[in-house]
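Here is a note for a colleague who is opening this structure for the first time. Please keep the sequence and the 3D view at hand while reading.

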Amino acid sequence: MNFKAVTAAFLLVASLFNTSWANEAAPVVDRSSTGGAQTLQDIMARQAQLDVDERFRSENIGDPSRAKAITDQLGTNGGTSDSEVYRAIRYNEIEPTLQQRGPAAAVLIQDAGMPWYKLREGPMITYGGGALLGIIGLLILFYFVRGRIMIDGGPAGTTIERFKAIERFGHWLLAGSFIALGVTGLLVLMGRKFLIPVIGPEAFATLAAGSKFIHNNIAWAFMIGLVMTFFMWVAHNIPNKLDIKWLLAGGGIFTKSHPSAKKFNAGQKIIFWTVMIMGFSVSLSGLSLLFPFELPMFAKTFALINSVAGTDLPTVLLPHEEMQYANIWHSIVAFVMMLAIIAHIYIGSVGMEGAFDAMGNGQVDLEWARQHHDLWVAEVEAKQGKGGSS
Amino acid sequence: MKAMLCAFAVALVIAFAAPSVLNEFGWSAAERGSSATSVRLN
């Protein structure tokens with residue numbers, strides 16, 4: 001019964017991740033009656049939220065070589081009509097003369113802005129928020145199915161130092177800033193949709209401005225914490241054969257056994273590398289967003305992916321598109337990290353007796369340590385026997 | 001718990017010090033207007 005309940009919950013969450021939100025392609029339209037220009041069918045297809053192939057417009061921007069001589073009647077507009085000029089502006093096929101300098105200034109209309117906005121306001125909120133609610137629901141379900149993981153035979157009453165003060169400081173610098181970043185990021189992403197109807201636009205404006213300040217600036221604490229924890233713990237998080245045995249035993253969560261582990265078990269290593277790799281990635285995209293147009297990285301990344309995987313990702317991106325990709329990627333990676341960290345918080349607090357002490361005061365119960373990190377305890381005791389420290 | 005509270009306090013100090021420190025290096029993310037090479041969205 002328990003397994004069925006977990007499976008049902010898993011399928012419910014998994015169903016959130018289907019791609020049914022993607023627009024259906026519009027039927028092919030015969031534009032011979034309009035000389036290739038837009039037809040009523042095109043307009044109706046767009047209103048029906050179908051995915052219209054816009055090349056009949058984006059590639060129809062006039063031909064200067066067809067310009068009539070200036071001496072001709074009604075000549076010359078450079079071989080292009082007003083409609084064609086505006087289409088050229090819309091699809092960024094012009095080279096305007098500008099007083100304002102900078103990479104983004106030459107883009108007068110950015111046509112990809114609306115798909116980005118719709119993605120951010122729609123699926124990003126729906127599926128990101130759904131996934132967060134899903135993992136919280138699964139953990140509540142797991143708690144009632146499995147219960148709190150207790151120390152077999154009860155605590156020993158004596159303790160052993162699990163983490164030094166500097167390790168705990170680095171962990172909480174990373175964790176505290178991540179929680180602040182997560183909360184303020186969600187406020188910025190979802191506040192317009194969910195908070196304005198409740199607290200009104202003026203209160204939300206204050207909240208959003210404060211969230212933006214905290215999000216932009218506490219990010220540096222996150223990056224410092226990320227670097228600190230990486231160097232302190234990377235040596236203990238190198239995968240080895242023991243991790244396979246630990247994973248095959250499911251960490252002992254369902255069998256109520258205690259597979260052997262050193263300082264970090266395979267589950268903790270997965271969390272470590274998830275946080276490190278995704279933390280690095282979310283920091284890069286965050287820096288790109290912090291300094292608009294200064295750190296474009298997606299065109300180069302796409303070129304690299306194309307060369308390795310043979311894909312056909314766009315390698316020429318407008319400055320705004322770089323920002324939009326950075327924004328979407330930042331959100332996706334942040335959501336995945338939040339899912340992992342919520343599970344990490346659960347198992348490090350209410351999910352397991354004695355686990356919080358490791359990061360609370362650094363001292364864990366000896367029996368807890370022997371059950372969950374037996375090989376690490378043996379190493380520490382061997383060192384202490386030789387007069388060393390943990 | 002001291003390490004945790006200390007880390008939270010340091011995170012806040014970093015957050016509130018960041019704008020002025022970045023300004024010293026000419027890296028302000030809060031820069032308004034535009035420069036020779038950049039245009040701000042905000």
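The numbered points below go through the small chain-level picture, two helix packings and the nonpolar cores.

1. A word of caution comes first, since this is a predicted model, and the values discussed below are computed from it.

2. Chain B is a convenient place to begin, because its secondary structure comes to 1 helix and 0 strands by the DSSP runs used here. Of the 42 residues of chain B, 14% count as buried.

3. How do helix H9 of chain A and helix H1 of chain B pack, and at what angle? Helix H9 covers residues 201-233 of chain A and helix H1 covers residues 2-24 of chain B, and the two pack at about 125 degrees with their axes 8 Å apart. The two helices, H9(A) and H1(B), are therefore oblique to each other, and their crossing is right-handed.

4. On the side of H9(A), the residues that take part are Ile214(A), Asn217(A), Ile218(A), Trp220(A), Ala221(A) and Ile224(A), and they meet Val10(B), Ala11(B), Ile14(B), Ala15(B), Ala18(B) and Pro19(B) in H1(B). Sorted by class, the residues of this contact between H9(A) and H1(B) are 11 nonpolar, 1 polar and no charged. Leaving aside residues up to four places away in sequence, Ala15(B) touches Ile214(A), Asn217(A), Ile218(A) and Ala221(A).

5. A second packing lies within chain A, where helix H5 (residues 113-121) and helix H13 (residues 319-347) pack at an angle of about 10 degrees, with 10 Å between their axes. That angle makes H5(A) roughly parallel to H13(A). Here Gly113(A), Trp116(A), Leu119(A) and Arg120(A) of H5(A) meet His320(A), Gln324(A), Asn327(A) and Ile328(A) of H13(A), and by class the contact has 3 nonpolar, 4 polar and 1 charged residues.

6. Which residues touch the most other members of the largest nonpolar core? That core has 28 residues, and the ones in question are Leu173(A), Ile218(A), Ala221(A), Phe222(A), Met337(A), Ala11(B) and Ala15(B). Two or more residues of this core come from each of helix H7 (165-194), H9, helix H11 (266-290) and H13 of chain A, and from H1 of chain B. The most is given by H7(A), with 8 residues.

7. Another core, of 11 residues, lies apart from the largest one, and its members include Ile160(A), Ala355(A), Ala358(A) and Trp376(A).

Conventions:
Residues are numbered from 1 along each chain as its sequence is written. Chains are lettered from A and ligands numbered from 1 in the order in which they are written. This is a predicted model: local features need pLDDT of at least 70, side-chain atom pairs count only at pLDDT 80 or more; totals for chains, interfaces and linings use all residues. Axes are lines fitted to C-alpha atoms, for helices over the stretch in contact, and angles run from 0 to 180 degrees between N-to-C directions. Helices (H or I, at least four residues) and strands (E, at least two) are DSSP runs, numbered from the N terminus. Angles under 35 degrees count as roughly parallel, over 145 as roughly antiparallel, 65 to 115 as roughly perpendicular and the rest as oblique. A crossing is left-handed if the near helix is turned anticlockwise from the far one by less than a right angle, and right-handed if clockwise. Two residues are in contact if their C-beta atoms, placed from the backbone, lie within 7 Å. Ala, Val, Leu, Ile, Met, Phe, Trp, Tyr, Cys and Pro count as nonpolar, Asp, Glu, Lys and Arg as charged, and the others, Gly among them, as polar. A nonpolar core is a set of buried Ala, Val, Leu, Ile, Met, Phe, Trp, Tyr and Cys residues joined through C-beta atoms within 7 Å. A residue is buried if 20 or more other C-beta atoms lie within 10 Å of its own, exposed if 12 or fewer, and partly exposed in between; C-beta atoms are placed from the backbone.
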